[in-house]
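Reader: I would like to look closely at a single part of this model rather than at everything at once. Could you choose one and take me through it slowly, explaining each term as it comes up?

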Amino acid sequence: MAGITKTVRNIDKHALEIIEEHALKEDVTANQLIRELIEVYAQRLERMDASKKIGCGY
């Protein structure tokens, strides 16, 4: 899988700890979990934009 590396600064330490704990429970790496969350959020943003264009609102 080709990807882009992005550095994210100033993330709350507690938030990262929660992600790490959840990743362990899901048996994935924290990077995999973060990547998945970002992809899901990007899809959500696309759907919101599309619904605005066709006048559905959200």
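Author: Helices are DSSP runs (H or I, at least four residues), as strands are (E, at least two), and they are numbered from the N terminus. With that in hand, we can look at the segment before H1, where Asp 12 has its place, together with Ile 11 and Asn 10. This is a predicted model, in which local features need pLDDT of at least 70 and side-chain atom pairs count only at pLDDT 80 or more, while totals for chains, interfaces and linings use all residues. Residues are numbered from 1 along each chain as its sequence is written, and side-chain values use heavy atoms, with hydrogens and water left out.

Let us start with Asn 10, whose phi is near 60°, a positive value in a residue that is not glycine. Asn 10 counts as exposed because its relative accessibility is 81%, and the word has a cut-off (exposed is over 50% relative accessible area, buried under 20%, partly exposed in between, with a 1.4 Å probe and protein chains only).

When we move along to Ile 11, we find a residue of the segment before H1 that is described as partly exposed, because its relative accessible area is 40%. Ile 11 also belongs, with Val 8 and Leu 16, to a nonpolar surface patch of about 240 Å². Leu 16 lies in helix H1, which runs over 13-26, so the patch takes in residues on both sides of Asp 12. A patch is made of residues with over 30% relative accessible area and no salt bridge, nonpolar side chains being joined within 5 Å and like charges within 9 Å; a salt bridge is a Lys or Arg side-chain nitrogen within 4 Å of an Asp or Glu carboxyl oxygen, and areas come from the Shrake-Rupley method with a 1.4 Å probe.

Asp 12 is partly exposed as well, because its relative accessible area is 46%. To place Asp 12 against a residue much further along the chain, take Arg 47, which falls within helix H2 (30-53): the two are 35 residues apart in the chain, and 28 Å separates their C-alpha atoms.

It helps, finally, to set Asn 10 beside a residue from beyond the segment, namely Asp 27, which has its place in the loop between H1 and H2. Phi of Asp 27 is near 60°, again a positive value in a residue other than glycine, and Asp 27 counts as exposed because its relative accessibility is 71%.
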